[in-house]
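Good morning, everyone, and thank you for letting me take a few minutes. I would like to walk you through one structure slowly, beginning with its open pockets, then going on to a metal site, the enclosed spaces and one helix.

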Amino acid sequence: MAATYTFKGLLTEKGWLNNATVSVDDLGNIISITKNDTPQGKFVNGYALPGFQNAHSHAFQYAMAGLAELHTTTGAQDDFWSWRNAMYSLALTLSPEQMEAVAAMLYSEMARHGYTAVAEFHYLHHDKDGTPYNNLPEMGERLMAAAQKAGIRITLVPMFYQQGGFGQAPVEKQKRFISHTIEDYYKLLDSTIASAKNFDNANVGIGIHSLRAVKPEDVIALCNALDGSRPFHIHVSEQLKEIEDCLTFHGKRPVQWLLDNCPVNENYHLVHATHLDTAEVKSLAESGASVVLCPSTEGNLGDGLFSFEAYKNHGGHWSIGTDSHVGLNPLEELRILDYGQRLISHKRTTFVTEESGDSGFNALKMAWQSGRRAMGAPYATFFTVGQPFDAVVMKADSPLIATASEKNLCNTFVYGADVSNILGTIVSGRWINHNGSLQNREAIVADFIRVMGELGTRA
Ligand code: ZN
């Protein structure tokens, strides 16, 4: 249904457009953006920003958010790898129907927090005994159905996951993830691409779980076959053990190996990239690729801090993701990223660039630009005529926001706001979250509670 809204303010790359009227067509694409002193259509007492882009998600892990913090009192080691064991146990139990319920709850919460798009890094492909479903992309379809219920845009990225570690067979607990050959992976990918046509706002990317999970010759073959029409995602250099294993197997660090063996370009999205040496930081930034930083999860798992300052100084691109979903607030992701850097640099200029010293604006812009690319659908500008109208709208009457001057608005959002300051979320010109009312929320919550009861994991 075509619609017209007038916002108190709309954020553009050149600053705020006051009393901005946005008209959209029946498909939710922007027809026009004008400045009107007399409001046209519905007046929205809010500030519209481009919708947040969640560039990294494993939806099923939402079922265990907050459950990995009961540690032994003896000081026994609890690290990424022990967490991964708990995560594998959950992955072994989920049915397609349960996957859909968990993902719908998660995506509804993303909508509540202002995300308009998610890149779902999907590797839970097969039935519980490891055999492919008769309908090959069954689990992927459940994820796209979940996104459709919540109203959020999804880029489903089916992952190629072939082996248990560098040169090692998969372990029993990984059986639901495995494509034994590159041909098996392409079958899964092609069937997912065909399925995606049946869902609203669904798109498909291509990915390799990690260098440790796929044979090197297949990594190279897949990367060389990419034609740039879909984003390519990969986990890389999250853990020191992964670096050591890669050095032992390849004689090179993971990012260096990738740069030396694959045509890394602006289509590549390297998730985490936590542990890079100075040469890798420079070469990666210069390749035009993006890193996907997941600050709340990386902090929760004790991964480490990304070399943000040096990467930024080389012109590196980056986006944010919520990964295990231990945090779901995009503003908090930006703050954790910034504060980690401030704590080690003793400076407060993490997001400052040569063009602008407005930290909040720069953070929103950089994360959005690479986030759109991670979805495989970059727009030229925040709001572009002919493109879908996706926005998060901040409440203009929240006390801190109402009293902030224009130049302080973005920083008030990024450094002083939370979900209570969000008036709503718009995808394709339609509210999917408005004044606390979310699309299909009651059914989504009821399904989630029932499924959590069935699983018993949160008991
Ligand atoms: Zn991940």
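Let me start with the second largest pocket, whose lining is made up, by class, of 11 nonpolar, eight polar and five charged residues. Please keep in mind as we go that this is a predicted model. The second largest pocket has a volume of about 350 Å³, and of the 24 residues that line it, V427, S428, G429, R430 and W431 lie nearest its centre. If you look for the elements that contribute, β1 (3-12), α3 (138-150) and β16 (430-434) each supply at least two residues of this lining.

The largest pocket holds about 550 Å³ of space. It is lined by 23 residues, and those nearest its centre are H317, T353, E355, M366 and Q369. Which element gives the largest share of this lining? It is α12, which contributes nine residues, while α10 (308-313), β13 and α12 (359-375) each supply at least two. Sorted by class, the lining of the largest pocket has eight nonpolar, nine polar and six charged residues.

Now to the metal site. The zinc ion has as its protein donors H56 and H58, each through NE2, together with H235, also through NE2, and D323 through OD, and these lie 2.1 to 2.7 Å from the ion. Along the sequence, the spacing of the donor residues reads H-x1-H-x176-H-x87-D. H58 sits in the loop between β5 (52-57) and α1, whereas D323 sits in the loop between β13 (317-320) and α11 (330-345), so this pair ties together parts that are 265 residues apart in sequence. Why is the arrangement of the four donor atoms called irregular? The angles that they subtend around the zinc ion run from 82 to 175°, and a tetrahedral arrangement would need all angles to lie between 85 and 135 degrees, while a square planar one would need opposite donors over 155 degrees apart and all others between 65 and 115, so the set counts as irregular.

Are H58 and D323 buried or exposed? H58 is buried, with a relative accessible area of 2%, and D323 also counts as buried, at 5% relative accessibility.

Turning to the enclosed spaces, the structure holds six cavities of 30 Å³ or more. The largest cavity has a volume of about 180 Å³ and is lined by 20 residues, with F80, M87, H209, H235 and E238 lying nearest its centre. You have met H235 already, as one of the zinc donors. The largest share of the lining of this cavity, five residues, comes from α1, and by class the lining divides into eight nonpolar, seven polar and five charged residues. The second largest cavity has a volume of about 80 Å³, and its lining includes Q61, W83, N300 and S324.

Finally, a helix that lets us check a length. Helix α2 (residues 96-112) has 17 residues, which at 1.5 Å a residue should span 24 Å, and its end C-alpha atoms are indeed 24 Å apart, so the two values agree. Of those 17 residues of α2, 15 are buried, so the helix is largely enclosed by the rest of the structure. After α2 comes G114, whose phi is positive, near 95°.

Notes:
Residues numbered from 1 in each chain as written. Predicted model: local features only at pLDDT ≥ 70, side-chain atom pairs only at ≥ 80, totals over all residues. Heavy atoms only, no water. 1 Å grid on protein atoms, 1.4 Å probe; cavity = no way out; pocket = protein on both sides within 12 Å on 5 of 7 lines; lining within 4 Å. Points joined across faces, edges and corners; volume = space filled by probe spheres on them. Helix = DSSP H or I, 4+ residues; strand = E, 2+ residues; numbered from the N terminus. Nonpolar A, V, L, I, M, F, W, Y, C, P; charged D, E, K, R; others polar. Expected span 1.5 Å × (residues − 1). Buried < 20%, exposed > 50% of the residue type's maximum accessible area, 1.4 Å probe, protein only. Donors = N, O, S within 2.8 Å, 3.2 Å for Na, K, Ca; no water. Tetrahedral: all angles 85-135°; square planar, octahedral: opposite > 155°, others 65-115°.
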